[in-house]
Amino acid sequence: MHKSHEENVEAVTKLSVQFLVEAIGQCPAGLENSMNSDIAYAVVGFQYGAVQSAAYVAGLHEEASAGIVEDVICRINGMSREAGARFLAVMPTLAQKEYPPIGIGGRAIISFYNSATNEDKLIAAGSLREILMQIDEG
């Protein structure tokens with residue numbers, strides 16, 4: 001049975017928020033107060049990749065996907081639309097350059113969705129924490 005466009009948008013939004021809340025919940029405390037631009041772009045890139053991947057799998061077109069990405073990223077990060085737009089404006093360029101957090105986020109949400117156990121879901125959601133640990137070590 002095919003879902004309507006509105007049902008797909010709602011399902012992608014719900015899955016994305018669920019996954020990203022879980023992923024952020026596994027990150028170090030104080031992440032939201034970080035002034036490190038590498039961390040900020042890695043987090044938003046991961047989120048961008050996750051939402052884009054979920055939208056692609058649901059068969060949504062680019063315009064619908066962009067709307068979901070903006071809504072979810074602003075909501076999850078407590079950003080104004082203007083702040084979110086500044087981050088999102090560079091994401092397509094970073095995606096073309098194969099910025100690793102974008103690809104990792106895209107693969108992680110699919111793993112999360114396909115996980116058979118809660119442990120597997122936690123492993124998929126832990127991908128963001130791994131990225132941030134690598135940035136801290138670098």
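This briefing walks through the nonpolar core, the helix packing and a handful of single residues. The model is predicted. A good place to start is helix α2, which gives the most to the largest nonpolar core, with 10 residues. Helix α2 also packs against α7, α3 and α4, and each of these pairings gets its own group below.

**The nonpolar core**

- The largest nonpolar core holds 35 residues.
- Within this core, the residues with the most contacts are Phe 19, Leu 20, Phe 46, Tyr 48, Leu 88, Leu 128 and Leu 132.
- Two or more residues come from each of α1 (5-25), α2 (37-57), α3 (62-77), α4 (81-96), α5 (100-114), α6 (118-125) and α7 (127-137).
- Leu 128 is a helpful residue to look at up close: setting aside neighbours within four places in sequence, Leu 128 is in contact with Ala 23, Ile 24, Cys 27, Ala 42, Val 43 and Phe 46.

**Helix α2 with α7**

- These two helices pack at an angle of about 160°, and their axes are 10 Å apart.
- An angle over 145 degrees counts as roughly antiparallel, so α2 and α7 are roughly antiparallel to each other.
- The crossing in which α2 passes α7 is right-handed.
- On the α2 side, the contact is made by Asp 38, Ile 39, Ala 42, Val 43 and Phe 46.
- On the α7 side, the residues are Ser 127, Leu 128, Ile 131, Leu 132, Ile 135 and Asp 136.
- Sorted by class, the contact of α2 with α7 has eight nonpolar, one polar and two charged residues.

**Helix α2 with α3**

- Here the packing angle is about 140°, with the axes of α2 and α3 9 Å apart.
- That angle makes α2 oblique to α3.
- The crossing of α2 and α3 is right-handed.
- From α2, the residues that meet α3 are Val 43, Val 44, Gln 47, Tyr 48, Val 51, Gln 52 and Ala 55.
- Their partners in α3 are Ser 65, Ile 68, Val 69, Val 72, Ile 73, Ile 76 and Asn 77.
- The contact of α2 with α3 divides into 10 nonpolar, four polar and no charged residues.

**Helix α2 with α4**

- The axes of α2 and α4 come within 10 Å and cross at roughly 75°.
- Angles of 65 to 115 degrees count as roughly perpendicular, and α2 and α4 are therefore roughly perpendicular to each other.
- Helix α2 brings Ala 40, Tyr 41, Val 44, Gly 45 and Tyr 48 to this contact.
- Helix α4 brings Phe 87, Leu 88, Val 90, Met 91, Pro 92, Leu 94 and Ala 95.
- By class, the contact of α2 with α4 has 11 nonpolar, one polar and no charged residues.

**Three residues of helix α1**

- Asn 8 lies in helix α1, and at a relative accessible area of 16% Asn 8 is buried.
- Not counting residues up to four places away in sequence, Asn 8 touches Lys 3, Ala 58 and Leu 60.
- Lys 14 is also found in helix α1, and with 64% relative accessibility Lys 14 counts as exposed.
- Although Lys 14 and Val 72 are 58 residues apart in sequence, their C-alpha atoms are 9.1 Å apart in space.
- Ala 23 is another residue of helix α1, and its relative accessibility of 0% means that Ala 23 counts as buried.
- Leaving aside neighbours within four places in sequence, Ala 23 is in contact with Phe 46, Ala 125 and Leu 128.
- The C-alpha atoms of Ala 23 and Met 91 are separated by 19 Å, and the two residues are 68 places apart along the chain.

**Two loop residues**

- Ser 80 sits in the loop between α3 and α4.
- With a relative accessible area of 37%, Ser 80 is partly exposed.
- Ser 80 and Leu 15 are 65 residues apart along the chain, and 22 Å separates their C-alpha atoms.
- Glu 98 has its place in the loop between α4 and α5.
- Glu 98 is exposed, as its relative accessible area is 66%.
- The phi of Glu 98 is positive, about 55°, although Glu 98 is not a glycine.

Terms used. Residues are numbered from 1 along each chain as its sequence is written. This is a predicted model: local features need pLDDT of at least 70, side-chain atom pairs count only at pLDDT 80 or more; totals for chains, interfaces and linings use all residues. Side-chain values use heavy atoms; hydrogens and water are left out. A nonpolar core is a set of buried Ala, Val, Leu, Ile, Met, Phe, Trp, Tyr and Cys residues joined through side-chain atoms within 4.5 Å. Buried means under 20% relative accessible area, exposed over 50%, partly exposed in between (1.4 Å probe, protein chains only). Helices (H or I, at least four residues) and strands (E, at least two) are DSSP runs, numbered from the N terminus. Contact means heavy atoms within 4.5 Å. Axes are lines fitted to C-alpha atoms, for helices over the stretch in contact, and angles run from 0 to 180 degrees between N-to-C directions. Angles under 35 degrees count as roughly parallel, over 145 as roughly antiparallel, 65 to 115 as roughly perpendicular and the rest as oblique. A crossing is left-handed if the near helix is turned anticlockwise from the far one by less than a right angle, and right-handed if clockwise. Ala, Val, Leu, Ile, Met, Phe, Trp, Tyr, Cys and Pro count as nonpolar, Asp, Glu, Lys and Arg as charged, and the others, Gly among them, as polar.
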